[in-house]
Amino acid sequence: MADASTRLGGYGRIDHGKPVSFTFNGRKMTGRAGDTLASALLANGIRLVARSFKYHRPRGIYAMGVDEPNALVTLNTGARTEPNTQATTVYLYEGLSARSQNCWPSLGFDAMSINDKFSRFLAAGFYYKTFMGPTRKSWMFYEHFIRKAAGMGEATTLDDPDFYEKVHGFCDVMVVGGGPAGLSAAVNAARAGACVVLVEQSPDLGGGLLNMPAGGKADRWIAKQVAFLREAQNVRILNRCSVFGSYDHGSFGLVERLQDHVFPPQKAVLRQRMWTMRARRTILATGALERPIVFGGNDLPGVMLASAARGYLNHFSVLAGRKVVVFTNNDSAYLTASDMAQAGAAVTLVDARPISPSVACARAEKSGVTVRSGHAVAQASGRKRITSVKIAQFDCENGTARDPGKVMQCDLLCLSGGWNPTLHLLWQHGGKPVFDDALATFVPGATIEDGFSVAGSANGRYSTLDCVLDGQAKGLEAAQACGFDLPDGSDDYPALDLTDGWETQLLPVWEVCDSAGKSQKKAFVDLQHDVSVSDLALAHREGYVSAEHLKRYTTLGMASDQGKTANVIALALLAKHRGQTIPEVGFTTFRPPFTPVAVGALAGHETGPNIEPRRHTPMRQWHLDNGAKFIETGIWDRAWYYPKPGEDIEAAYIREARELRKSVGVVDVSTLGKIDVQGPDAAEFLNRVYVNGWSKLPVGKARYGVMLREDGMVFDDGTTTRLSEHHYFMTVTTAGAGAVMSYLEFLLQTCWSDLKVEVTSATDQWAAVAVSGPKTRDLLSSIDSDIDFSNEALPFMGAAEGTMAGLPVRAIRITFTGELGYEIYTPAGFGEALQEAIAAAGSAHDLLMLGIEAFGALRVEKGHVAGSEITGRTTLDDLGLARMGSTNKHHIGQVLARREALTSSDRQQFVGLRPVDPKAVIKGGSILSEPDETPKGHGLGYVTAMAFSPVVGSTIGLGLLSGGRARIGSTVNVVDTVDDTIIPAHVTTPHFYDPEGEKARA
Amino acid sequence: MRIECPCCGLRDHREFDYGGDALRQRPAHNDTDIDRWSDYVFMRRNPSGLHREFWQHIYGCRQWIVVSRDTVSHQILSVCLASGAHGAGQGLERA
Amino acid sequence: MVCSLQLGLEAGQRDGRTMTKYSGFKVFAQALRNNRGWGRAWRDPDPQPAYDVIIIGGGGHGLATAYYLAKEHGIKRVAVLEKGWLGGGNLGRNTTIVRSNYMENGNTQFYEHSLKLWENLSQDLNYNVMFSQRGYLGLLHSYGQLDAGRQRVHAMKLNGIEASFLTREQVQEKAPYLDMSMNARYPILGGVLQQRAGTARHDAVAWGFARAADRQGVDIIQQCEVLGFIWKGLKIVGVETTRGDIRAPKVTSAVAGNSGVLAEKAGFQLPIESHLLQAFVTEPIKPLVNCVIASFGMLYYISQSDKGGLVLGGSLDGYNSYAQRGNLPKVEHILSIGKALMPCLSRLRILRHWGGIMDMTMDGSPIICKTPVDGFYMSAGWCYGGFKATPGAGWCLAHTIAKDEPHPLSAGYTIDRFRRGATINESGTGPVPGHH
């Protein structure tokens, strides 16, 4: 047969008047609006579309939808490249370009098809038995070639130009599938008043009815249902939308393809929308997928599922063959045979059953079909497409074809081995499939998961009327479960009767063996992964007998179609090998997604720079205007340093740190966690959560406190100020703010509900600056304020409330830099005004803007602990803070801090490090080791932080050093294996600057 | 999952933070026994089945709640406020 | 040639053992006979009434323990009891990463020993587990992480483990498809590379150990669920199973997801919560990701399997679960990170996602020890590290059982370390399993 156009006029639901041009493997072709890529390729006479994964066998179009195992192409070019796309699910648009993949140099002549010749050497699992020598590194050599040969399409490395969004949906009843059952269910649930979402993966509603000849009773019925649903205020229809997964408590993941059927425009488009749908009830009207029958050569281009061939004819007006053989074991394929014969094909129907269904048979014969019951297709032949089949008498006792068969020329072979309900969504969620012997497939059990019901052919109903009635019943039932009902006296809604039910039962036929009962060569179960019946037999022979082992050893069902046409057949064949029934063999777990989902859709907007919000302090704009460079520190963006012209970070922070000790500087500390603690038992509460005591803290005074975790490790630190009798203002670290707040709430709500204390996060409510340096008092006193900043009125650790420059403030005399300093808090909305007021006054006092790099360097000089020492592995004593721990009260973590391994003398303790050679640079993360030994193992500890200290005149470090306090005065080696340096350093106290704290008290 | 917050109603679990086993016996605050604290902090029943567990509605009312949930099916049987329900285990019987 | 092969097979099959040695030559020779000569990879014996050691759990750890008990310690009367099918737990669900880039004393050397066993595993087992040493690149996103990354490199190198610290430019060269923009939410500033790390074919590890253990005489018994213990006084002397009572003076648990259930039956509690970890695979593509890439800061990892699928994962779902299926928000979160780090992932499609049960200890490190109950041993609490530890854990547990004392490499992995304060907490997050 010539590859002429097989498009018929007067058929189908496509727009014959609208040509659409596209390219396939560089060849320009024309399809019609409404075509899929697959139907357009068929219409252009293309039969060979792809090569298989392993043996590179020629493959054509096999199915019509998401079950397609063969016809995978790479769609588009450049940044919109999409490998492994099923030609059957792509709707044609002007300018579409598709190409075959996994073939070289061309689809027609693929060098790797040599694998097919050597397939016996490449049987299931062969790679587990070889490629192990001659040396143990050899695998890396073999693997290089194996990886190149594997894979399918080639991915782009370019950024996706399009974008995605996410929506949260809620409904009473979600109906999945817009076929006769789904439409009926949606209509009835909507009539009862439920809020309904109807989801359909294809563009058009109608499901299997769209495979019937156009223009009939079915189309009128669909139009009526759709009109009702579109009118109804309580219904949302999501077409081109797949429910890909079912999750806990009635949550579902949906992906709506908004732009995949239009030409990719130059600009970015909203390509897909992901829905998280919460449904009170879900009706699966997801239909059933046809399964094939296995025999030799069953994978050739021109072998197709019977329902697909019918759909291509009636929906897409493509007659996929002129000399057609239909091979079936059930009634449904008779419709394919009749329709194709009526369209002008010469059709022979081979029915494995001894007796054909009389009505369907008569109808088919009337259409010109030759029916041969009690026969089977034993073998398909052809090179790059099917050219003939061998038809033989079928021995249904043994599943064998009797010799001699008769060869018959054909260009299309349609297969129907029965139907498998599409219940992935039910079974993903833990529902257990039940095997129905009459239908020879898995169906929902008598009791199914809460919140689900199943309607139509998904529920094993095979006539249109049964599907409609089942859908109506389930729709009403679901609405009723949500508290809705049809008004009294409502009429039954009109059903649709197409008298297309099955007259006779299906005969289970999984595989046609030769007359000796042996499987034939090239008889494939999983087409995409080239898993043949002999692979299944081999796996069984080698003891991979459980369904999961079989799947994993042979890779059956693990291809991109997830074995939609293969899995049930494989289980049947496995059962045969094991001498068990199919339900005894069990089934493999169903995993989401039902059909593959683009990463972009699942990521949505919350990716790239939006992966987590950036938090800004109220003074951000001021910092920007004043030349600050920013750095992200966890969730916050903070002013990092303020370079003068020509300065890099190094120069800038050292200048800032040096100048501060001479003048006055201000740093934005709004990110500090702030917690308001109020109530008559607040002091007792603080006594319990902090290691140190709080009972005696007077009003108007602040105190530094440390909290432990319950396991005795240091949790967080900060200052807490007593503002009034029952009111404390707690600050916690920027990083620890969230965790501390939750923990305090936990203690109060679950453990100590007898304490009369309330805690409230005030982090966002207060902006704060830390002003410090010897000239601080001069600066602050020059700002209009009712607060007396003198040492007498506001001594070290004193606190006062008042106004500054007309702004309400809290001033607390605490410092992180070791200089005279105050933290000044103001409500967040005034943050920028406060900053401006200080800056304005500062011009007369050489005010220095201090970034957090210099701020961090000053803390290293001062030897305060910070996040790099509060690692979650350090105790109070490790950090040299043991003296803070009050012994006359109980505090969190006190008991477990006493555990033996936490009190040993060789624990790593907090120390300072100063290089013996002042020019040497100590780096963070370096390992500390004994001075006279070759460094090895984990050493004695490590450098937690470093900075250049203008005061010391060299880099200095802080570290955690085994038995560190006893080593003060000795030296250790600072080992850096990246720079390959070993720097001797003096072990010192961590306090390099003003160890007595006199400056801060000045 | 969706959790019925006693204050805010039915909410997605992403609004909540998990707090683990709610049936652990927390020693009295002034208990100085290392074994009891150690058991409380480190040991878990970790049942396959019904689990009483703490959650906090961090993006809502910030209340700590106790959820009774099946760890196999994820089905939630009940939810209540944690306030007053913990301490020495009062209000919560062992499952 | 064919003749001698047949003889070999028959001789092997006579004593019920599958003795065929796998090799390229055998594959070739068998193929000429249409692969009809291959026998069972391991036997399917009925349980005997008594053994020297019973191992509960036919996953990687249980099978490895059996193999090393027989091979290294000569203890061959061993039964591995599996309630389902071999490798059906986390072994068959994980993202197959093997590495030894640990920083804490007590972890570093254990995982390095395990990695060394991996390097010889295919040859040792005569089963190709496809250990692919393509490297493991941990990305660093902040200056603090750079310091921590350097510390990790130092700790590894000083422990004799190859590692290198990569600059931003070197990361870009190694993985040009990463988003190297400084405007990224968490820009990539550098990386830590362990070139000897990589991935392996997970199922092959179960099958390889099973076959090798079987050849040593170990009985591997599937569809055999342990219902309870047989006690003699305060000592465990066997197990009650769905296939009858089986006795042994030494019983060990090597199960994931059910350690707590077994411990409860034995009368003690564990410092473990079982959590759910999801994993993902994309449709297969031609080679793109040439090593394992992980983000230490964002808890994410991706690699490419030999078949071509990109295998990726992230952090725990965050609550106790035995469900083996994950929640959607975590799916979204992990793929958000995936796309942020590697924007070209966007148009690739997720083919399948699934979940495994992680037994999370309170410090993130595992347990290999004698339990408080006489006669009962345990390997448990493997958190994220179970797969890479498979041979190492089997090695050390076999030693512990055979010698009745801990192996020096796993001496820190006791249950009482929590009581003693000797926790091994890489993350520093303390007794909150969901945060490790």
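**Entry 1. The contact between chains C and A**

I began with the contact between chain C and chain A, which takes 86 residues from chain C and 92 residues from chain A. The model is a predicted one, and I read every entry below with that in mind.

I next listed the elements of chain C that give two or more residues to the side touching chain A. They are the helices α2 (24-32), α4 (108-125), α5 (143-158), α7 (202-215) and α9 (328-341), together with strand β17 (349-361). I then looked up which of them gives the most, and found α5(C), with 10 residues. By class, I noted 38 nonpolar, 29 polar and 19 charged residues on the side of chain C that touches chain A.

**Entry 2. Strand pairing across the chains**

I followed β17(C) further and found that it pairs with strand β30 (residues 597-598) of chain A. The pairing is antiparallel and runs over two bridges. Within β17(C), I recorded Arg349(C) as standing opposite Ala598(A).

**Entry 3. The contact between chains C and B**

I turned to chain B, where 17 residues are in contact with 21 residues of chain C. On the side of chain C that touches chain B, I found that α8 (259-266), β13 (272-282), β16 (310-320) and α11 (417-420) of chain C each supply at least two residues. I classed the residues of that side as 11 nonpolar, eight polar and two charged.

**Entry 4. Chain C as a whole**

I looked up the secondary structure of chain C and found 11 helices and 19 strands. I then compared its radius of gyration, 22 Å, with the 22 Å that the globule rule gives for 436 residues; the two are close, so chain C is as compact as a globular protein of that length. I noted that its C-alpha trace spans about 65 × 60 × 40 Å along the principal axes.

I found 66% of the 436 residues in chain C to be buried. I also examined the contacts in chain C between residues at least 6 apart in sequence, of which 75% join residues at least 24 apart.

**Entry 5. Domains of chain A**

I consulted the domain assignment of chain A, which gives, among others, domain 1 (15-116) and domain 3 (523-586). The assignment also includes domain 2 (164-288 + 445-481), which has two segments. I recorded 28 Å between the C-alpha centres of domain 1 of chain A and domain 3 of chain A. In their contact, 15 residues of domain 1 of chain A meet nine residues of domain 3 of chain A. I noted seven nonpolar, three polar and five charged residues on the side of domain 1 of chain A that touches domain 3 of chain A.

Key
Residues are numbered from 1 along each chain as its sequence is written. Chains are lettered from A and ligands numbered from 1 in the order in which they are written. This is a predicted model: local features need pLDDT of at least 70, side-chain atom pairs count only at pLDDT 80 or more; totals for chains, interfaces and linings use all residues. Helices (H or I, at least four residues) and strands (E, at least two) are DSSP runs, numbered from the N terminus. The radius of gyration is taken over C-alpha atoms; the globule rule is 2.2 Å times the number of residues to the power 0.38. A residue is buried if 20 or more other C-beta atoms lie within 10 Å of its own, exposed if 12 or fewer, and partly exposed in between; C-beta atoms are placed from the backbone. Two residues are in contact if their C-beta atoms, placed from the backbone, lie within 7 Å. Ala, Val, Leu, Ile, Met, Phe, Trp, Tyr, Cys and Pro count as nonpolar, Asp, Glu, Lys and Arg as charged, and the others, Gly among them, as polar. Two strands pair if DSSP finds at least two bridges between them. Domain bounds come from an automatic or database domain assignment.
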